[in-house]
Amino acid sequence: MNGCWKKYLLTGVVVALLAGCQSKPTDRGQQYKDGHLNQPLELVNEPSASGKPVNARDYVSQVMEIRSASPGLFSGNSDTFQAAQNWMLAGGDTRQLGQFGLSAWQMEGVDNFGNVQFTGYYTPVLQARYSRQGEFRYPLYAMPARGKKNRRLPSRAEIYAGGLSDNLVLAWTNSLVDNFMMEVQGSGYLDFGDGRPLTFFGYAGKNGHAYRSVGKVLIDRGEVPREEMSMQAIRKWTETHSEYEVRELLEQNPSFVFFKPMMSAPVKGASAVPLVAKASVASDRSLIPPGTTLLAEVPLLDNQGKFTGKYELRMMIALDVGGAIKGHHFDIYQGIGHEAGHAAGFYNHYGRVWVLKRRPNEGLLFGSGNSEGVLNQSTNNGSALLSKPGG
């Protein structure tokens with residue numbers, strides 16, 4: 001009897017363990033394989049990641065943008081930038097980080113098992129006209145004056161109902177949804193269809209009302225399953241519903257963003273540094289300060305936004321912030337235009353991240369001359385990428 005009892009007990013334990021493993025989803029890249037991490041950033045001897053960074057040139061271009069746009073930020077992180085570049089020049093083997101004076105601190109993630117959340121953002125390109133005409137009937141507004149009494153600005157529903165003067169209209173676009181998506185991203189380019197260069201419209205402020213996620217509204221209403229929610233899912237929903245229904249959904253978010261034209265301006269983050277696609281991220285500054293170098297194992301998605309089961313290593317730098325970016329969550333800048341928006345819209349997945357820091361008082365392998373050569377070769381490439389919307 002005792003033997004049978006032990007057998008059943010063992011079987012029950014195995015079943016419970018299997019059930020526990022199966023209850024941890026993996027469809028968005030959750031890994032659950034590094035064991036429990038005990039602090040937000042945990043020093044590791046070597047990152048348990050295979051391969052080498054796939055975007056060394058983009059990382060170097062981003063460093064160059066920092067050096068040009070923010071000498072103070074560059075100076076405060078230059079030792080780490082230099083060491084990281086030397087390490088990548090030598091092959092980018094994660095087992096050799098220590099040889100280049102770098103230490104790796106793994107982030108515990110949202111679950112204490114190393115799973116860090118990745119989302120994506122981009123810079124949209126909208127079709128627009130200077131005056132209201134035909135399909136171009138959706139206004140983008142400049143920031144209204146609040147007056148001496150700091151008056152409360154209208155909500156989104158009130159603005160849609162005509163609560164702002166047409167004198168504040170900066171441009172008229174052909175899509176209310178595109179306007180909303182541009183608000184979510186915080187900036188965008190406008191193509192006025194007259195052959196002139198695209199005009200960049202940057203963030204000018206908000207109306208002060210609380211932000212409410214329309215994605216969550218759709219989930220709560222049972223319109224879109226939680227596991228399928230993405231920017232693309234929201235856009236697909238809007239394409240299959242009437243304009244009245246779309247407007248009613250968007251009005252559930254009373255927050256509204258205003259813009260200002262910035263002629264020939266590159267896309268910059270909160271650190272006032274031009275952003276290089278897939279080499280810069282928005283982070284929670286209380287955890288990851290601006291200028292921090294990150295080694296990230298990013299899940300690869302297919303064209304339908306599904307996790308392929310594969311990852312790639314990327315070197316990225318924290319240069320931006322976002323209202324929804326808190327804790328162990330990064331928003332990866334995907335670039336400019338439709339393809340970037342397609343990629344950004346799908347990302348709500350998990351990977352691993354190591355913060356790379358220069359060990360104090362340690363010499364670097366290789367002289368700075370090698371890295372300067374790579375930096376100089378990469379500068380023009382990076383600038384070209386930034387100057388081509390949709391590239």
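Of the 391 residues in the protein chain, 48% are buried. The model is a predicted one. The accessible surface of the protein chain comes to about 19300 Å². Carbon and sulfur atoms hold 51% of that surface.

Next, the fold. The protein chain has 10 helices and 14 strands. Sequence separation among its contacts can be put in one number. Take the contacts between residues at least 6 apart in sequence: 81% of them join residues at least 24 apart.

Now to one sheet. This open sheet has 6 strands, in the order E5-E6-E4-E7-E8-E9. Their pairing is mixed. Which strands stand at the edges? They are E5, residues 138-141, and E9, residues 257-262. Each has a single partner strand, so one side of each is left without a neighbour in the sheet. With direction ignored, neighbouring strands of this sheet are turned by 45° against each other on average.

Look inside the sheet at E4 and E7. Strand E4 covers residues 125-129, and strand E7 covers residues 188-191. The two run parallel and are joined by 3 bridges. One residue pair can be picked out here: Gln 127 has Asp 191 in E7 as its bridge partner.

Finally, a helix joins the picture. Helix H5, residues 176-185, packs on the sheet. Which strands does H5 touch? It touches E4, E5, E6 (169-173), E7, E8 (199-206) and E9. The direction of H5 makes about 20° with that of E5. E5 is also one of the edge strands described above.

Terms used: Residues are numbered from 1 along each chain as its sequence is written. This is a predicted model: local features need pLDDT of at least 70, side-chain atom pairs count only at pLDDT 80 or more; totals for chains, interfaces and linings use all residues. Side-chain values use heavy atoms; hydrogens and water are left out. Two strands pair if DSSP finds at least two bridges between them. Helices (H or I, at least four residues) and strands (E, at least two) are DSSP runs, numbered from the N terminus. Axes are lines fitted to C-alpha atoms, for helices over the stretch in contact, and angles run from 0 to 180 degrees between N-to-C directions. Contact means heavy atoms within 4.5 Å. Buried means under 20% relative accessible area, exposed over 50%, partly exposed in between (1.4 Å probe, protein chains only). Accessible areas come from the Shrake-Rupley method with a 1.4 Å probe; for residues, only the protein chains shown count as cover.
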